[in-house]
Structures are given as structure tokens and as C-alpha cells.
Amino acid sequence: MTVKTEMEQRLIAAFAPQQIEIVNESHMHAGHAGDDGTGESHFRILLRADSLAAMTRVARHRAVHAALGDLNTRVHSIALDIG
């Protein structure tokens, strides 16, 4: 299973989002710091879920990172656009 698929499954299970988009941007960082050669090191996540709407920005980020669990340490960068 790809890291992108794992992220998507975990975020859907945790938040039942109305909108989710996960983009693998690893190719844009090839040869840079954090590139481990797997092609799964840098991701951008757009997430819209009612369950996140009432939270502060910091609380939303903490909730998403908690839902991602060990994926936070398996990838180098996760950019978040959450609402």
C-alpha cells in the first residue's frame, strides 16, 4: 500500500471529510534534504471536514497529525491545508 493511500484511509476514518486531496510532491524534492529515494517523502494534504471546523488552527493540525500516527515519522514533509 502506498503512503498516500494509507494517509487517505486514516484521514477518512478519523474525520469523514467532505473534501480530501492528497498530492505526492516528492518528485519536486528529488535530491534535496529529506528525499529518501522512495518517491514518498513529501506530501500536501487538503482536508475539509465538519468535525475540524470548530477547532482552532493548532488543534486541527494536532488532530490530523494524531490521525496520521506513525506516518508523521515515515515521511519528511506534510503540508496541511485544513478546514
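The paragraphs below describe the fold of this chain, from its overall layout to its sheet, its helices and its core. The structure is a predicted model.

The chain has 83 residues, of which 31% count as buried. Its secondary structure consists of four helices and three strands. Followed along the sequence, these elements appear in the pattern α-β-β-α-α-α-β. Among contacts with a separation of 6 or more, 60% link residues that lie 24 or more positions apart. One pair of residues that are distant in sequence is Ala53 and Gly83, which are 30 residues apart along the chain but 5.5 Å apart in space, C-alpha to C-alpha. Ala53 belongs to helix α2, and this residue is exposed, with a relative accessible area of 52%.

The sheet is a suitable place to begin. Three strands form an open sheet in the order β1-β2-β3, and their pairing is mixed. Because β1 and β3 stand at the edges with a single partner strand each, one side of each has no neighbour in the sheet. From one strand to the next, the twist averages 10°.

The two pairings can be taken in turn. β1 (19–24) and β2 (42–48) run antiparallel and are joined by six bridges. Within this part of the sheet, Val23 stands opposite Arg44 of β2. β2 and β3, by contrast, pair in the parallel sense, also over six bridges. Several partners can be followed along this second pairing: His42 is bridged to Ser77 of β3, Phe43 to Ile78 of β3, and Leu47 to Ile82 of β3.

How the strands are covered is the next point. β2 is mostly covered, with five of its seven residues buried. In β3, Ile78, Leu80 and Ile82 make up a covered face, whereas Ser77, Ala79 and Asp81 make up an uncovered one. A general rule bears on this arrangement: in a regular strand, side chains alternate between the two faces of the sheet.

Which residues of helix α1 are buried? They are Val3, Glu6, Met7, Leu11 and Phe15. These residues lie on the same side of α1, because they cover an arc of only 125° around the axis. The general geometry of an α-helix is relevant here: with 3.6 residues a turn, residues three or four places apart point the same way. α1 itself has 13 residues and reaches 18 Å from its first C-alpha to its last, close to the 18 Å expected at 1.5 Å a residue. The cover over its buried residues includes β1, β2, α2, α3, α4 and β3. Just after this helix, Ala16 adopts a positive phi of about 40°.

Helix α3 can be read in a similar way. This helix has twelve residues and spans 17 Å from first C-alpha to last, close to the 16 Å expected at 1.5 Å a residue. Its buried residues are Arg60, Ala63, Val64 and Leu68. Because they cover an arc of only 135° around the axis, they are placed on the same side of α3. The face turned away from that buried side carries Arg62 and Ala66, which are exposed. The buried residues of α3 pack against α1, β2, α2, α4 and β3. As for its direction, α3 lies across β2 and β3, running at about 130° to β3. Just after α3, Gly69 takes a positive phi of about 55°.

The helices and the sheet come together in the core. As a general tendency, nonpolar side chains in soluble globular proteins are buried together. In this chain, the largest nonpolar core has 18 residues, and the members that touch the most others are Met7, Leu11, Phe15, Ile45, Val64 and Leu68. Two or more residues each come from α1 (3–15), β2 (42–48), α3 (57–68) and β3 (77–82). α1 makes the greatest contribution, with four residues.

Leu11 shows how one core residue connects separate parts of the chain. Neighbours within four places in sequence being set aside, this residue is in contact with Ala16, Pro17, Ile20, Ile22, Ile45, Leu47, Val64, Ala67 and Leu68. Of these contacts, Ile45, Val64 and Leu68 are also listed among the core members that touch the most others.

Key:
Residues are numbered from 1 along each chain as its sequence is written. This is a predicted model: local features need pLDDT of at least 70, side-chain atom pairs count only at pLDDT 80 or more; totals for chains, interfaces and linings use all residues. Side-chain values use heavy atoms; hydrogens and water are left out. A nonpolar core is a set of buried Ala, Val, Leu, Ile, Met, Phe, Trp, Tyr and Cys residues joined through side-chain atoms within 4.5 Å. Buried means under 20% relative accessible area, exposed over 50%, partly exposed in between (1.4 Å probe, protein chains only). Contact means heavy atoms within 4.5 Å. The expected span of a helix is 1.5 Å times one less than its number of residues. The arc is that of the directions from the helix axis to the C-beta atoms. Two strands pair if DSSP finds at least two bridges between them. Axes are lines fitted to C-alpha atoms, for helices over the stretch in contact, and angles run from 0 to 180 degrees between N-to-C directions.
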